[in-house]
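Colleague: I have just opened this entry and would like some help with reading it. Could you walk me through a few features, one at a time?

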Amino acid sequence: MARFRLMALIGALCLATGSAAHDGASKTQLLSVQRWLLLLNNELSPSIVRRIADSSYDMAVVDDVATLSWNPHYDIVGTVHTLQVRPGGGHRLVLSYLNIGRAEDYRSYFRTAWKAKPPSWTLGGKPAGAGGDYPVAYWRPEWKDILVGNDGLVPKIARAGFDGAYLDWIAGYWDSAVIARAHADGVDPRAEMLLLLRQVATAARAINPQFLLVVQNAPELADSSDVVELTDAFAQESMWFAGAEGDSPSGDCPMSRTNKELGSPTYLARLSGPCKRARDEGRAEVLNYAQQAEVVPLLSRARSRGLAVFTVDYALRAENIAEASRQSRALGFRPFVGAHGLKKFVNPQF
């Protein structure tokens with residue numbers, strides 16, 4: 001346990017070094033966002049790029065398509081510039097999605113041989129879920145080089161002109177396989193994730209001092225002063241409506257409002273047959289949580305400390321889209337509502 005405390009202290013000291021050139025003006029940019037787009041699993045064809053560019057969105061979160069193994073020559077610099085120009089002038093924020101806790105087998109850095117013989121810094125021989133994502137020991141130097149090395153994903157995103165990164169799997173330190181490997185390696189997984197977050201910020205802001213960082217699905221970090229200082233916004237999935245793995249269903253599964261409601265006949269009656277099956281089969285584990293009771297207070301704290309908060313809900317029915325948007329805005333958050341999978345462009349709503 002003494003070693004774990006030491007690693008936590010080292011992580012905290014590294015966080016405290018800060019990124020001096022990054023100031024409050026960057027956070028203000030995100031606070032001004034009213035409508036935003038989250039579009040992943042989409043190769044950004046010219047027609048899609050045009051639709052985003054011509055839209056009224058204040059911010060777009062997309063994939064760095066040039067890092068896909070089959071698309072290394074994609075003109076990501078030109079695409080980012082096109083997306084940043086709003087109709088009639090003005091700047092649209094364009095952020096790149098980035099998974100910092102899982103290796104994705106469709107990225108240019110991933111070697112085919114790793115599927116048969118996974119490197120030591122990956123956890124287990126099978127990808128998590130259905131997306132080809134392998135949890136990693138993110139404190140290992142091999143993974144850090146992929147992320148923040150001179151030719152890593154983070155410098156590539158910053159050099160491409162993205163305004164920032166939308167960071168996923170930040171809360172990987174809760175994963176059981178990650179915890180087990182961390183114990184075996186003698187490190188504190190939470191402290192190591194905070195250290196990695198610092199290194200991501202440092203690598204990006206060495207290129208663009210105003211580079212934005214949005215942290216997804218890690219609301220408990222809103223209580224960390226160091227993280228609040230380092231990052232610019234929090235985002236959270238499935239606050240009011242969820243979807244399931246395999247996009248079956250792709251949305252409209254209502255979330256429980258309170259912990260007491262979970263498993264109650266009242267809540268189960270609100271779930272459709274496909275939603276119940278997804279919950280029972282473990283394809284929609286989020287339906288076992290009461291986000292509104294557990295997460296809203298944390299996100300509200302982040303909002304009160306000057307950070308923007310974005311919500312992502314999965315719904316297709318007009319009444320559910322309207323409800324998720326209404327609830328989010330009532331709390332001072334900024335909603336995006338679409339189909340699970342996030343593959344299709346969605347027109348600005350509410």
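**Rings, cores and backbone**

Modeller: Gladly! Let us begin with Y138 and W139, which are both buried. Keep in mind that this is a predicted model.

Colleague: How should I read a pair of aromatic rings, and what kind of pair do Y138 and W139 make?

Modeller: In general, two numbers describe such a pair: the distance of the ring centres and the angle of the planes. For Y138 and W139 the centres are 5.0 Å apart and the planes stand at 80°, so this pair is edge-to-face. Planes over 60 degrees apart fall into that class.

Colleague: How many aromatic pairs are there, and which residues form one aromatic cluster?

Modeller: The count is 11 aromatic pairs. One cluster brings together Y109, F110, W114, W121, Y134 and W143.

Colleague: W143 makes me curious about the interior. Which residues have the most contacts inside the largest nonpolar core?

Modeller: A nonpolar core is a set of buried residues, such as Leu, Phe or Trp, joined through their side-chain atoms. Here the largest one has 104 residues, and W36, I52, W143 and F310 have the most contacts inside it. Helix α9, residues 189-205, gives the most to this core, with 8 residues. There is also a second, separate core of 10 residues, with C253, C275, A284 and L287 among them.

Colleague: What is F310 in contact with, leaving aside its neighbours within four places in sequence?

Modeller: With those neighbours set aside, the list for F310 includes L30, V33, W36, M59 and V214. The run A233, F234, A235 and Q236 is also in contact with F310, as is R334.

Colleague: Now the backbone, please. Which residues other than glycine have a positive phi?

Modeller: Two to look at are L44, with a phi of about 55°, and N217, where phi is near 60°. L44 sits in the loop between β1 (36-39) and α3 (46-53), while N217 belongs to the loop between β7 (212-216) and α10 (225-230).

Colleague: Is L44 buried or exposed, and why is N217 called partly exposed?

Modeller: Buried means under 20% relative accessible area, so L44, at 2%, counts as buried. N217 has a relative accessible area of 23%, so N217 is partly exposed.

Colleague: One last thing: where is P249, and what is the peptide bond from S248 to P249 like?

Modeller: Look in the loop between β9 (241-242) and β10 (253-254) for P249. The bond joining S248 to P249 is cis, with omega near 0°.

Notes: Residues numbered from 1 in each chain as written. Predicted model: local features only at pLDDT ≥ 70, side-chain atom pairs only at ≥ 80, totals over all residues. Heavy atoms only, no water. Core = buried A, V, L, I, M, F, W, Y, C linked by side-chain atoms within 4.5 Å. Buried < 20%, exposed > 50% of the residue type's maximum accessible area, 1.4 Å probe, protein only. Helix = DSSP H or I, 4+ residues; strand = E, 2+ residues; numbered from the N terminus. Contact = heavy atoms within 4.5 Å. Phe/Tyr/Trp six-rings, centres within 6.5 Å; stacked < 30°, edge-to-face > 60°.
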